[in-house]
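This report covers a sheet, the helices packed on it and the nonpolar cores. Please look at the sequence and the model first.

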Amino acid sequence: MARLGIDYGTTNTVVVCSDRGRYPVVPHITETAVGPVAREVFPSLVVLDRETGQLIFGSEAERCLTRPGAEKRYGVLGSLKRLLRDYADGRRVGQSIVPEGLDLAAVLREFCGALRASIMRSGFFAENEPLETVITWPANANGAQRYVTRKSFKDAGVEILATLTEPAASAIEFADRLARGNRARARQLEASIAVFDLGGGTFDVSLVRIHGPEFTVVDTAGIEQLGGDDFDRILAQRLAEAVKIDFDGLRPFQRAMLLLHARQQKESISAGPAASLTFAADDLGLGSGVGTVPVKAYFKELEKLLEPAIEKLWSLINGAAARSAGIQSQDLTAIYLVGGSSKLPLVPKMLARRFRDVRLVMTDKPFTSTAMGAAIRSAEGVRLQEILSRTFGVLRLAEHGTRDCFDPIFAAGTRLPQRHESPLRHKVRYSPRHNIGHLRYLECAGVNAAGWPSDGVRQWSDILFPYDPAIPVGSRLTPDQIVPRDDLADQWVEEKYICDADGVITVTIRRLSDGQSCTYEIFRN
Amino acid sequence: MKSAHARKATDAPKKQKPAQTASSAKSTSVTLAPAPRKTERKQAVSDILGEIRELRAMVTKLLEPPPSAQAVLEQDVDSLRRLLSELLEKRMESVLNALVGIRMLAATGAQTDWQGVVRRLDELLKELGAIEFRAERLDYFDPLIHTVVGERHDPAAPDGVIIETIRPGYRTARGVVLAKAAVAVNRRK
């Protein structure tokens, strides 16, 4: 039985295994002209081979893009993880590469299958050895993203021991680093850290209290659309301007290649000092010009993007949750910088400017820190207390249907149960006033003073449930069938909500008069 | 958010008012504060049950028959081999960096026996287990093992293929690429 930590990232996926107190990165092997080549990362890139109709993943996907005639034959589906935020059952993506599009859940399932096959090829595990994994997702991931990620891994034959948020995993890795792998020292560890996780597609920040082997997420926040992908896009646009090319006018394949080039250029800044970034249009067959973009000008643009992230961290450290947990900025052990994009020199510079009295710790493993934390969680007696990062609720009609009101079912900051604990439950009973109930579920990052969803609102399933016993449960219903029915006032309906350890919610609606009920997976949408 | 059909529906929990919606969540057992005693007891029981489960898992593990000595030995050898490879890779990388630096100095034509130093570093790399590799002429460019540093114009060769290896690449026996081979690719005008 192998125990693994998997960090499914926007740009790269990293797998770390637990080997009796050591946590080696699982290599991904690719056959090349000079023999097998091993890499620590499995690129999260997805490419469609139009000739065979097959999807290609990982390093193989990267390689086929440089082959002659690649543009005609291959289509690039970039940043699959970012698309998961808008997951709904049967949602199709990639219409720019194939007109009918691809089923999002099926693509992710195939990706997970390819990742599993690559893990098995590493030579670390015996053939058919069961894999027990701990997978991670962004702290700010919405319910649908959690739902489809978990389902896809399971469907691909990967057993999930636990899930955890990316910053929480990094906090576990940080504690291991502080204790230098010494268990006795780890048991006595006391620290409070803020994890600043700037990845390829998402930005998350979490305040974590470490008390020996117990980790408590005090508060968490994030920005859904901030990460290396956005930095690459800005650079690609500037490079295109420098050689007088209209970036938005490029064909999808050319755009994807220019974005890959921009990423390489951006990573060169992280590797060492650079004054300017260059682009020879001829390299991608886009003309003959050579353009340069000064790093200073590029950073100035990035600063504007990063300011809200720094502000989120500031609010978190000085927020109500931190205060009630007795954490002040001067008490913080460190701000721990993880994620590939935090390697950009601009990021620690901006943080140091804003947080003068807090120690900044840069990880030496920006790509593997999260997976390593997940692997430690899979093997050691780590106890992690996570919270719901978003409020989940339902829009109802109040005051005899004259206005909407938001009924929060599970509020942000609610403690999530452990796997061995019973799930969170919430029960509501009422007598209906209509023949059909129309329940509109949504998630949000914040609720304003008036009790209305205010930030990052995402609407999920609209459920139509027949309150009238004359209508069988499971009938196809439409909102225009709803009519007032005062005679149903003596009937009772019960809604039972269950939120599991991963923050995935299901609701069972029951007519108490005849006991008929239906269970809905909210985030399946 | 509002819609015409939604306005018709009035089904909501009894006594539900907008101001009460937030408190309705508080009255359930799902929120942290203010926690009624019953919830605390429930939590304590749940924690104890969790501890018992962990203890049971530990005891079950202890009662399991120990793996055979041969299996443990094989696993240890495997782990050690991996550890050794990682250490060697780190050494190789520093030697390789020195080699690249000296090659650059040698190219400046300074009056020193750079060739001798290069030869010795090459031998050291070989001893550590680094495997030198070159690209074959007319090979397809492979981003995993090649990096483009120049262009050539050969009308007889297809576009994009490798024409020349300018600097060899190095990899370890485990397959980790320490340095990609620097190549010149064909650009047909």
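## Register of the central strands

A:T136 stands opposite A:L164 in β12(A). A second facing pair joins A:V134 with A:A162 of β12(A). The model behind these pairs is predicted. Strand β11 of chain A spans residues 131–137 and pairs with β12(A) in the parallel sense, over 6 bridges.

On the β1 side, β1(A) and β11(A) also run parallel, joined by 6 bridges. Here A:V134 of β11(A) is the bridge partner of A:G5. A:V134 thus has a partner in β1(A) and faces A:A162 in β12(A).

## The sheet

Which order do the strands of chain A take in the open sheet? The order is β5-β2-β1-β11-β12, with 5 strands and mixed pairing. β5 (42–43) and β12 (159–165) of chain A stand at the edges; each has a single partner strand, so one side of each lacks a neighbour in the sheet.

Is β11(A) largely enclosed or open? Of its 7 residues, 6 are buried, so β11(A) is largely enclosed by the rest of the structure. Helix α5 (residues 143–155) of chain A forms a right-handed β-α-β unit with β11(A) and β12(A).

## Helices across the sheet

Two helices of chain A are described here. Helix α6 (residues 166–178) lies across β1 (2–8), β11 and β12 of chain A. Helix α6 runs at about 90° to β12(A).

Helix α13 (residues 369–379) of chain A lies across β1, β2 (12–17), β11 and β12. Its angle to β1(A) is about 150°.

## Nonpolar cores

In soluble globular proteins, nonpolar side chains tend to be buried together. In this model, the largest nonpolar core has 139 residues. A:V16, A:V46, A:A171, A:A194, A:F196 and A:V208 have the most contacts inside that core. Helix α4 (residues 104–121) of chain A gives the largest share, 8 residues.

A:A171 touches several parts of the chain. Beyond its neighbours within four places in sequence, A:A171 is in contact with A:I193, A:V195, A:V208, A:I210, A:F215 and A:G373. Another core lies apart from the largest one and has 12 residues, among them A:V34, B:F133, B:I145 and B:A181.

## Domains

How is chain A divided? Domain 1 covers 2–165, and domain 2 combines 168–225 with 303–367. Domain 3 covers 228–300, and domain 4 covers 391–524. The centres of domain 3 and domain 4 of chain A, taken over C-alpha atoms, are 48 Å apart.

Technical notes: Residues numbered from 1 in each chain as written. Chains lettered and ligands numbered in written order. Predicted model: local features only at pLDDT ≥ 70, side-chain atom pairs only at ≥ 80, totals over all residues. Domains from an automatic or database assignment. Pairing = 2+ DSSP bridges. Helix = DSSP H or I, 4+ residues; strand = E, 2+ residues; numbered from the N terminus. Contact = placed C-beta atoms within 7 Å. Axes fitted to C-alpha atoms, helices over the stretch in contact; angles between N-to-C directions. Core = buried A, V, L, I, M, F, W, Y, C linked by C-beta atoms within 7 Å. Buried ≥ 20, exposed ≤ 12 C-beta atoms within 10 Å, placed from the backbone. Right-handed = clockwise from strand over helix to strand, strands pointing away.
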